[in-house]
Amino acid sequence: MEGFGVGTWDLDLSTRELEWSDATRNLFGVDREQPISYELFLSLLESGERERIDRAITKVAETGGSLDVSFRLRGRHKSGQWIRARGGLVKDEAGVPCHVSGIALDIDEEKQLEEALRTRESHLRSILDTVPDAMIVINGYGIIQFFSTAAERLFGYTEREAIGKNVSEMMPMPDQARHDDYLARYRSTGERHIIGIGRIVTGKRRDGTTFPMHLTIGEMQSGGEPYFTGFVRDLTEHQQTQARLQELQSELVHISRLSAMGEMASALAHELNQPLAAISNYMKGSRRLLAGSTDPNAAKIENAMDRAAEQALRAGQIIRRLRDFVSRGESEKRVESLSKLIEEAGALGLAGAREQNIQLRFHLNPEFDLVLADRVQIQQVLVNLFRNALEAMAQSPRRELIASNAKVEDDMIEIEVSDTGSGFHDDVKANLFQTFFTTKETGMGVGLSISRSIIEAHGGRMWAESNAAGGATFRFTLPAASNES
C-alpha cells in the first residue's frame, strides 16, 4: 500500500493518539520528525472543513459504521490539495470500541477533473441558455431527458415539467399518435428517416397553439442505449417576414407595371399629338379647297371634315390631359429610414447575389438616415438599380456592389450605388434615361426612365457615371428629414 501511495492511519479512542504511515505524512506534507496529533490533523484542514470531519469521525467512534470523507488541505503543496480518508471502527476482544483505523488517498487529480467537468458543464449550459434554437434530448422511447432554456420559452414548459414527459406531447395530431411507432420501428430496424436531415414540422405549445418549426435531429449512444438530440428553430417570424417580403415584392411589381404603363402612355401621347395635329391641318386645308367647288355634296363634305377636325383636336386634348396626369401624379411621402429602405430592397433586388459570389458592401452613415420619400417608389428605384448591377457583373472577374449615403447641399441626401460590371460608353450614357432605350437583349428600356421620374417627383435628381473600377455608378438625391422627433 505504501508503494502505491496509499497511506494508513490509526486513532486511539482512549488516548486520542494518532499514528500515520510515511505515505500519509507525505500526503499531508508533514515531516517524519514532526509529532502527529489529532489536533495537528485538524489544523491542516481548511477552516471550513474541520468541524465536518471531526463530527464524522466522532459519529463512527460512537455508533460504528464506515468513514468515507473527502476534504481540502490548507494551502497548496507537492502532495496535492484534496485527500480522501476511508476507515472503520475497530473493537477489542471484549467488543469495546478502541480504535478508528483506515487509509488516506490523494484525490487531487480526480477533484481537478471534477472541477474541469463542472466548469465545462456550466460553460455548455450557459451556451445552451443563450442559443436561440431550442434543444431537447430524448431517450429511445421518446422520454425527455434534457430541456434547454430556449425550449422553455418556445414550448411554455419549465425544464422540471418537461423532463420525464413524452416528447410527443409537444406535437399536434396526427404526429403525436405516430411518434412512438416511429421510434419503435427505428429501434427494431435501425432505418433512418429524418436523423441528420433538417425538415419543417409543426410544434405544439403548452397552451395548445401550434407553430411552424425547423427540426434537426442527431443521435448518440450511451450505455448501449440510443439518445436523440433535437434542435428546434421557430419559423413563425421567418414565415411572417417571407410573407411580408412577398407582399412587398408584389406591391413593387404592381407599382412598376403602373409606372411602366404611365411612361408608355406619356411617350405615346407625345408621339400621337403630332399626327393628330397634322390630321387636323389636313382637314382644314381640304375644306378650303372645297370652298370653290360646285359639287352638290360639297356642303356635306365640308360638314364631315369639320367634325373630323373637331374630333382630332378633342383626341389631342385628351392625350394632353393624360400626359399631365402621368407627369404630375402626387406620391405619398413620409419620413423613412434609408437603411431600412435599402435593407428591404436588397432582400428583393439582391436575391441570388451570394450564389454569384458578389460582395455586398453597405456604407451607410446613420447621421443621414432619415429621408422624406414614398417607401414603395424609392424601393422600386433601388431594386431596379440592384438588379441592373447584378446583371452587369454576371461575367466580371471582380464582383462588388457598394451602396452608400452622404449629405449634400440644400438639405439633400445623396445615395450612391456602384458596381464593378462592364460599365457603359459615353454614347450610351447620354441615352440611359430615355424611355424605351436599353442595352439588354430582353429589356424594355423603361426601368431607368421610371426611376428618374420617381426621383424628380421627390424633388431630387438622378444621374450616372463610370467609376474607377470600370463599372457604373448611379447617384440620386432625396430630401433629408429632420432627426428630431
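What follows walks through one open sheet, a helix lying across it, and a well-covered strand with its partners, all in a predicted model.

Starting with the sheet: 5 strands line up in the order β2-β1-β5-β4-β3, and the pairing is antiparallel. β2 (18–20) and β3 (66–72) sit at the edges with a single partner strand each, so one side of each has no neighbour in the sheet. From one strand to the next, the twist averages 20°. The partner of β3 is strand β4 (residues 82–91), and the two pair in the antiparallel sense over 7 bridges. Within that pairing, serine 70 is found opposite arginine 84 in β4. Helix α3 (residues 47–63) lies across β1 (7–12), β3, β4 and β5 (97–106), and runs at about 170° to β3.

Further along the chain comes helix α13 (residues 447–457), where the buried residues are Leu448, Ser449, Ile450, Ser451, Ile454 and Ile455. Glycine 459 follows α13 and has a positive phi, near 85°.

Then there is strand β17 (residues 472–479), with 8 of its 8 residues buried. In a regular strand, side chains alternate between the two faces of the sheet. Here both faces are covered: Ala472, Phe474, Phe476 and Leu478 are buried on one side, and Thr473, Arg475, Thr477 and Pro479 on the other. β17 pairs in the antiparallel sense with strand β15 (residues 412–418) over 7 bridges, and valine 417 stands opposite phenylalanine 474. Strand β16 (residues 462–466) also pairs with β17 in the antiparallel sense, over 5 bridges, with tryptophan 463 partnered by arginine 475. The hairpin of β16 and β17 has 5 residues between the strands, and glycine 470 takes a positive phi there, near 95°.

Technical notes
Residues are numbered from 1 along each chain as its sequence is written. This is a predicted model: local features need pLDDT of at least 70, side-chain atom pairs count only at pLDDT 80 or more; totals for chains, interfaces and linings use all residues. Side-chain values use heavy atoms; hydrogens and water are left out. Buried means under 20% relative accessible area, exposed over 50%, partly exposed in between (1.4 Å probe, protein chains only). Helices (H or I, at least four residues) and strands (E, at least two) are DSSP runs, numbered from the N terminus. Two strands pair if DSSP finds at least two bridges between them. Axes are lines fitted to C-alpha atoms, for helices over the stretch in contact, and angles run from 0 to 180 degrees between N-to-C directions. Contact means heavy atoms within 4.5 Å.
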